[in-house]
Amino acid sequence: MNTAKIGFLWDMDGTIVDTKRAHFEAFRDAFKSFGYDLDWETFEGGFGRNNHSILPLYLGFTPDQALADEIIAVKEQIFRKIALKSSTLVPGVESWLAAAKKAGISQAIASSAPIDNINALMGRFDLHKYFDFSVSGAKLPAKPEPDVFIKASQKFDQTISQFVVIEDSVAGVQAGKRAGMVCIAVASHLKKSELVMADFVIDDFTVPMVHVLSELGLTAP
């Protein structure tokens, strides 16, 4: 059993909070206001990456910076209104957050979302108490690039020997592995078979945290 100090780096959307439908509706409605369309299949192809990296995929062309910024600003305003009303926590996730906090495992958010979204959702579900800090990857290279996880790992004051990324998307899992970290994937929207690059895949967080850590050869402090 590896008794090294571990730290959890959590994705937000789809991992802690189920916001997928809210993101789709926000993108769809924002696009409509600019005269563009977005279908669910196209949306799914980019979910989990930051806004600027997925706009060309969703639009079918690369917008100039001014247009991209306008669309994203409208989308995020719509998203926060929808998400704060309709989003729910992924089943069992708060039990993991509480168990990690009690065990002395350091925890941070490392999400592609803008920091305003992160703070709004954390406030809505009273999650700030579980985390040391939050890092937004909105202006960093998008997942599967590892930048957001590397940046988050560098912000911890204490020495942590092993970081554990907790993700729900293929791009997020790839980013975690590229960062050289252990990765737990939750199949909140994808099939387990799509997340096999992760070190361990769970259906949701109703499986005890200590069981998963044990299977990975890790233990809480």
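The following exchange concerns a predicted model and the reasons behind the terms applied to it.

Me: Why is Gly172 called buried or exposed?
Reply: Gly172 has a relative accessible area of 0%. Buried means under 20%, so Gly172 is classed as buried.

Me: Where is Gly172 found, and with which residues is Gly172 in contact beyond its neighbours within four places in sequence?
Reply: Gly172 belongs to helix 8, residues 170–178. With neighbours within four places in sequence left aside, Gly172 is in contact with Lys143, Phe149 and Glu167; contact here requires heavy atoms within 4.5 Å. The C-alpha atoms of Gly172 and Ala198 are 9.7 Å apart, while 26 residues separate the two in sequence.

Me: What makes the pair of Trp10 and Phe205 stacked, tilted or edge-to-face?
Reply: A search of the whole structure finds 16 aromatic pairs. In the pair of Trp10 and Phe205, the ring centres are 5.5 Å apart and the planes stand at 45 degrees. Centres must lie within 6.5 Å for a pair, and planes under 30 degrees apart count as stacked and over 60 as edge-to-face. The angle of 45 degrees meets neither of these, so the pair of Trp10 and Phe205 is tilted.

Me: How do you know that the pair links distant parts of the chain?
Reply: Trp10 lies in strand 1 (residues 6–10), whereas Phe205 lies in the loop between strand 8 (200–202) and helix 9 (209–215). The two residues are 195 residues apart.

Me: Why are Trp10 and Phe205 classed as buried or exposed?
Reply: The relative accessibility of Trp10 is 0%, and the relative accessible area of Phe205 is 1%. Buried means under 20%, so Trp10 counts as buried and so does Phe205.

Me: Which residues do ring pairs link into a cluster?
Reply: The cluster joined by ring pairs consists of Phe24, Phe27, Phe31, Tyr36, Trp40, Phe43, Phe47, Tyr58 and Phe61.

Me: How do you know that the charged end of Arg124 sits over the ring of Phe125?
Reply: The charged end of Arg124 is 4.5 Å from the centre of the Phe125 ring and sits over that ring. The distance part of the rule asks for a charge within 6 Å of the ring centre, a limit that the value of 4.5 Å satisfies. Lys155 likewise lies over the face of Phe133, at 5.6 Å from the ring centre.

Me: What makes Asp157 exposed, and what makes Asp126 partly exposed?
Reply: Exposed means over 50%, buried means under 20%, and partly exposed is in between. Asp157 has a relative accessibility of 78%, so Asp157 counts as exposed. Asp126 has a relative accessible area of 44%, so Asp126 is partly exposed. Asp157 lies in the loop between helix 7 (147–154) and strand 6 (162–167), and Asp126 in the loop between helix 6 and strand 5. Phi of Asp126 is near 55 degrees, a positive value in a residue other than glycine.

Me: Which peptide bond is cis, with omega near 20 degrees?
Reply: This is the bond from Lys143 to Pro144. Pro144 lies in the loop between strand 5 (133–136) and helix 7.

Me: What makes a space a cavity, and how many cavities of 30 Å³ or more are counted?
Reply: A cavity is a space where a 1.4 Å probe fits but cannot get out, whereas a pocket is open. The count comes to one cavity of 30 Å³ or more, and the largest cavity holds about 170 Å³ of space. Its lining has 19 residues, of which Asp13, His23, Gly48, Arg49 and Ser112 lie nearest its centre. Helix 3 gives the most to this lining, with three residues.

Me: Which helix gives the most to the lining of the largest pocket?
Reply: Helix 4 does, with six residues. The largest pocket has a volume of about 320 Å³ and is lined by 16 residues, with Ile72, Pro114, Ile115, Ala138 and Lys139 nearest its centre. The lining comprises five nonpolar, six polar and five charged residues.

Me: How do the residues lining the second largest pocket divide?
Reply: They divide into four nonpolar, four polar and four charged. Among the lining residues are Lys20, Phe47, Asp168 and His189, and the volume of the second largest pocket is about 180 Å³.

Note on methods: Residues are numbered from 1 along each chain as its sequence is written. This is a predicted model: local features need pLDDT of at least 70, side-chain atom pairs count only at pLDDT 80 or more; totals for chains, interfaces and linings use all residues. Side-chain values use heavy atoms; hydrogens and water are left out. On a 1 Å grid over the protein atoms alone, a cavity is a set of points where a 1.4 Å probe fits but cannot get out, and a pocket is an open set with protein on both sides within 12 Å along at least five of seven lines; lining residues have an atom within 4 Å of a point. Grid points are joined across faces, edges and corners, and a volume is the space filled by probe spheres set on the points. Ala, Val, Leu, Ile, Met, Phe, Trp, Tyr, Cys and Pro count as nonpolar, Asp, Glu, Lys and Arg as charged, and the others, Gly among them, as polar. Buried means under 20% relative accessible area, exposed over 50%, partly exposed in between (1.4 Å probe, protein chains only). Rings of Phe, Tyr and Trp (its six-membered ring) pair if their centres lie within 6.5 Å; planes under 30 degrees apart count as stacked, over 60 as edge-to-face and the rest as tilted. A charge sits over a ring if NZ of Lys or CZ of Arg is within 6 Å of the ring centre and within 35 degrees of the ring normal.
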